[in-house]
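Reader: I'm new to this one and would like a quick tour. Could you take my questions one by one?

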Amino acid sequence: MRERQYKRTASKDHLTGLDREESIVRFHNVAGKESGNPSWSLSLPHILVATVSSFLFGYHLGVVNETLESISLDLGFNGSTLAEGLVVSTCLGGAFVGSLFSGWIADGIGRRRAFQLCALPMIIGASMSATTRSLEGMLLGRFLVGTGMGIGPPVVSLYVAEVSPSFVRGTYGSFTQIATCIGLIGALLIGIPAKEIDGWWRVCFWVSAFPAAILAFFMEFSAESPHWLLKKGRAADAEAEFEKLLGGLHVKSAIAELLKLERGEEIDAVKLSDLFCGHYFRVVFIGSSLFALQQLSGINAVFYFSSTVFKGAGVPSDLANMCVGIANLSGSIIAMILMDKLGRRVLLLVSFSGMAASMGLQVTAASSFASESGALYLSVGGMLLCVLTFSLGAGPVPGLLLAEIFPSRIRAKAMAVCMAVHWVINFFVGLLFLRLLEQIGPQILYTIFASFCLIAVAFVKKNVVETKGKSLQEIEVALLAP
């Protein structure tokens, strides 16, 4: 394979050849291991700015939950379930389109610019939705917002994996799930007055433009991914960014680790076919399967159907949504605490096992053995348990884990492919859930979901390696070794 050649700059510290590289590796061997872990506080501000995109993701998923009825009355499509469904699903369609191009965007213009590009359609789309007087304007605004939502999740997973110190990478990865939960809860809280105050739904859309503007502005001052800079031959800039993120003592060892793999990595552009055959097939298969199993576990069906179940138990929809949001947030916080202690693999196993058990409660609730009151308690308890256990592992881990296991050369594009799989299955689960519930009944449907959860447990045991505390380079060597 060809040796990596770097562009020359005026900097005296720029790494231009193998002699310089070998001297850095020697420095790493003698001194790098003695310097301990870098300070987590240096990288934290950059991570917090990036997770604003996750907040926006959650906010836009939930913003139409409480406001859809008011929107339909104001825009004149009240009573049309097709129009209401389009307002919700157009956003998912935009997210699919955005996710398809996210890898090429992140590799082409860098992680920071990709965040800013993600914020732009969210600002424009939210403004269009807030000011529109027609269904068509609302749908266009939702589609634009969706494209930003599609770009954001894979880029934030890349960014967190590439700028975080390895010993807190799992904790930082959990921030994205927590930010998504806070966005969902924030959207539900802000939307509560919509049924009482005319035009309040417009305020709900205007509000989302502010965090999007904050993301675009503060990302200008955040660090770029040193991995991306080194791939572009900008080694001096990569050193400067590592100094921001890790501190001066750790710059040389961090650069040395990257160069160990960069030396033999080909500079040719990654083709789509590269992801599905040969050297990289295994990791892309693992990533796509994890996202597919995440959606086939039935979690989004639980989210979509939770209000109906709570309503049957006599719980108002806004209180029901808050209960689900709190369970989601609680599990995400626990995951943040445990991610770098127990590891990603353990959390995935516990999460999918817990979801299988919660689906078992739903099956029991739908059986003839449960009394009417018992069935309600089992349904509500099963739903909350499902959301809680999902947020422990199946929710936050796949995005972080995939960014860790994908090699640097394909990381951005492979994330885009896996997120596209996520959105396609998400769409079909949402589309078919209620129809399947009518056709085959809750017992069979929840049994199918439980079966997918158990398949996920077996898949994780066989295919997922533990990445806790390992550098991205160590993980790449372990997975792609002959």
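Reader: Let's start with E404. Is it buried or exposed?

Author: Keep in mind that this is a predicted model. Buried means under 20% relative accessible area. E404 has a relative accessible area of 0%, so it counts as buried.

Reader: Which helix holds E404?

Author: Look at the stretch covering residues 397–405, which forms a helix. E404 sits inside that stretch, and the helix is α18.

Reader: Which side chains make polar contacts with the side chain of E404, and at what distances?

Author: One partner is R169, whose side chain is joined to that of E404 by a polar contact of 2.6 Å. Another is T467, again side chain to side chain, and here the polar contact is 2.5 Å.

Reader: Leaving aside neighbours within four places in sequence, what is E404 in contact with?

Author: R169 and T467 turn up here too. Add the others, and the list for E404 reads R169, R344, T467, L472 and I475.

Reader: What about E224, where is it placed?

Author: Find α9, at 200–219, and then α10, at 226–231. E224 belongs to what lies between α9 and α10: a loop.

Reader: How far is E224 from the nearest side chain of opposite charge?

Author: E224 is buried, yet it has no salt bridge. A salt bridge needs the nitrogen and the carboxyl oxygen within 4 Å. For E224 the nearest side chain of opposite charge is R112, and the distance is 4.7 Å.

Reader: Which part of R112 does the side chain of E224 reach at 3.4 Å?

Author: R112 is also one of the residues that E224 touches, along with G110, R111, L229 and E241, not counting residues up to four places away in sequence. At 3.4 Å, what the side chain of E224 reaches on R112 is the backbone nitrogen.

Reader: Now the surface: how does V424 count in terms of accessibility?

Author: V424 lies in helix α19, residues 411–463. Its relative accessibility is 34%, and the band between 20% and 50% is partly exposed. So V424 counts as partly exposed.

Reader: What is the area of the nonpolar surface patch that includes V424?

Author: V424 shares this patch with F427, F428, L431, L432, L436, I440, I444 and I448. Together they make a nonpolar surface patch of about 720 Å².

Reader: Stepping back, how many helices and strands does the chain have?

Author: The chain runs to 482 residues, and 56% of them count as buried. As for the elements, the count is 20 helices and 0 strands.

Methods:
Residues are numbered from 1 along each chain as its sequence is written. This is a predicted model: local features need pLDDT of at least 70, side-chain atom pairs count only at pLDDT 80 or more; totals for chains, interfaces and linings use all residues. Side-chain values use heavy atoms; hydrogens and water are left out. Patches are made of residues with over 30% relative accessible area and no salt bridge: like charges are joined within 9 Å, nonpolar side chains (Val, Leu, Ile, Met, Phe, Trp, Tyr) within 5 Å. Accessible areas come from the Shrake-Rupley method with a 1.4 Å probe; for residues, only the protein chains shown count as cover. Helices (H or I, at least four residues) and strands (E, at least two) are DSSP runs, numbered from the N terminus. Buried means under 20% relative accessible area, exposed over 50%, partly exposed in between (1.4 Å probe, protein chains only). Lys and Arg count as positive and Asp and Glu as negative; His and the chain ends are not counted. A polar contact is a pair of N or O atoms within 3.5 Å; within protein, one must be able to donate a hydrogen and the other to accept it, and residues adjacent in sequence count only if both atoms are side-chain atoms. Contact means heavy atoms within 4.5 Å.
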